[in-house]
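Please load the model and keep a selection panel at hand. The tour proceeds by successive selections, each with a short account of what is found there.

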Amino acid sequence: IDTFCKQELPQQPSISDRCSTHIHIDVTDLNFTEFLYFICNYIIAEPLLFNYCGNERADNFYCLPYFKSDSFYDALNQTWMSITAGNDDDVSDKIAAFEKFGSLEFRQMGGCFDKDRLLEWINILMKLKQNCIGKSPELLPESFSGYESSDYVAQLFGDYTDKLLYPGYEDALLRGVRYVQD
């Protein structure tokens, strides 16, 4: 990141709405239920992440939120149904796909050359990943309902919680929980 942010460029880059900072989080160390837990927590927390990066990004075709993507919901639902039905062949195909590519890509943040902001964004995403270690999505709705919304966010993001909260975030989190429950 230091090298990237300190580059001497022949001219100042032009950052448009088509430009984003792509962060890839390695998920090859997660088992499949941890991976699904990560995805479910992401769905719940996605409005917080878009708010952090700038809500105008939520309308950007290049970083479409889950709630605007029917195909994302269908794929997640089919994967979960395969697991609960014990269809090992279908689950093996899904595991092979995320093991092959090895990472999840996050495009919410627009083009950015601010080192501190980039490091903070990466750390927020890593907190989301760290929270899924050893956990399964089956208990997620119950674990959410056992907390105040701000406590749930603090459980996910720790010291970054205050950077993510905004007025009305509770309703957005509840929509995400209902989406995950469906």
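Select residues 88-97 to begin: in this predicted model, pLDDT stays under 50 over that stretch, for which the model has eight contacts beyond four places in sequence. Where pLDDT is low, the predicted coordinates should not be read in detail.

Next, extend the selection to helix α4, residues 88-101, where confidence is lowest, at a mean of 49. Then move to helix α8, residues 161-164, where confidence is highest, at 96. With the whole protein coloured by pLDDT, the mean is 77, and 63% of the residues reach 70 or more.

Now switch to a cartoon representation. The protein shows nine helices and two strands. Followed from the N terminus, the order of elements is α-β-α-α-α-β-α-α-α-α-α.

Display contacts next, restricted to those with a separation of 6 or more: 81% of them join residues 24 or more positions apart.

Turn on the accessible surface, which comes to about 10,300 Å² for the protein. Carbon and sulfur atoms account for 49% of that surface. Of the 182 residues, 41% are buried.

Finally, select the cysteines at positions 40 and 132. Are they buried or exposed? Cysteine 40 has a relative accessible area of 8% and is therefore buried, the cut-off being under 20%. Cysteine 132 is also buried, because its relative accessibility is 0%. A search for disulfides over the whole structure finds zero.

How values were computed: Residues are numbered from 1 along each chain as its sequence is written. This is a predicted model: local features need pLDDT of at least 70, side-chain atom pairs count only at pLDDT 80 or more; totals for chains, interfaces and linings use all residues. Side-chain values use heavy atoms; hydrogens and water are left out. Helices (H or I, at least four residues) and strands (E, at least two) are DSSP runs, numbered from the N terminus. Buried means under 20% relative accessible area, exposed over 50%, partly exposed in between (1.4 Å probe, protein chains only). Contact means heavy atoms within 4.5 Å. Accessible areas come from the Shrake-Rupley method with a 1.4 Å probe; for residues, only the protein chains shown count as cover. pLDDT is the predictor's confidence in each residue, from 0 to 100. A disulfide is a pair of cysteine sulfur atoms within 2.5 Å.
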